Amino acid sequence: METIIPIKGKVNYSITLDASVWIFDDRKVELEEFLKFDNSTEKNENDYIKTQSERWERERTGIKPPVNRSIKRFEKERVLTGSFVIPLAPFLENADPIDNELNVQLISENGDSYVLTMEEAVNGFLRFSKDGKPLREDGPVHFYYGDGANASDPYKHISSIVII
């Protein structure tokens, strides 16, 4: 199974993503944590502020991409057995879309196509692993809206991302 996903279309830089290496990326989030949606706005605001401050710090210090320096034993166990998602935003930012008013088309291996607004895509997440292994049967990645609207039925078999 191919884990390479191109981002192309109306972008300044066509880039290629390799989902097989995201397990080592600090931006990954455990699926279970991602799927915990709490209606508490205070908690969501605090999480948002924390996430934004961490992103600001990474930008300020120039660390791109944030890759684990080393994986501790307990972290290694979690990586080998966990299911993870990664935000799509940094990859879209690196591709540098020509206009922020464009749409994003997710194309699946079986011919299905899903059109999202740029905002929906930027807030979305890509699932790339299940139980510590790549998504072989219905991968290479799944797409989840940032608000979890399609948590029970994510877009599957995503093999290409086109900015239209």
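A nonpolar core is a set of buried Ala, Val, Leu, Ile, Met, Phe, Trp, Tyr and Cys residues joined through side-chain atoms within 4.5 Å. The model on screen is predicted, and the tour starts from its largest such core.

Select Ile 7 and Trp 22. Among the 29 residues of the largest nonpolar core, these two touch the most other members. Next, colour the elements that each supply at least two residues of this core: the strands β1 (4-9), β2 (15-18), β4 (84-87), β5 (103-108), β10 (141-144) and β11 (155-163), together with the helices α4 (89-95) and α5 (118-122). The greatest contribution comes from β11, with four residues.

Return to Trp 22 and show its surroundings. With neighbours up to four places away in sequence set aside, Trp 22 has contacts to Ile 5, Leu 17, Lys 28, Ile 86, Phe 91, Leu 126, Phe 128 and Val 141.

Now select Leu 31, Phe 34, Val 85 and Phe 125. They are included in a second core of five residues, separate from the one above.

Move on to the strand pairing, beginning with β1 and β2. A hairpin of five connecting residues leads from β1 to β2, and the two strands pair antiparallel over four bridges. Select Ile 5 to find Leu 17 of β2 opposite it; both residues also appear in the list of Trp 22 contacts.

Which way does β1 run relative to β11, parallel or antiparallel? The two strands are parallel and are joined by three bridges. To see one pairing here, select Lys 8, whose bridge partner in β11 is Val 162.

Notes: Residues numbered from 1 in each chain as written. Predicted model: local features only at pLDDT ≥ 70, side-chain atom pairs only at ≥ 80, totals over all residues. Heavy atoms only, no water. Buried < 20%, exposed > 50% of the residue type's maximum accessible area, 1.4 Å probe, protein only. Contact = heavy atoms within 4.5 Å. Pairing = 2+ DSSP bridges.
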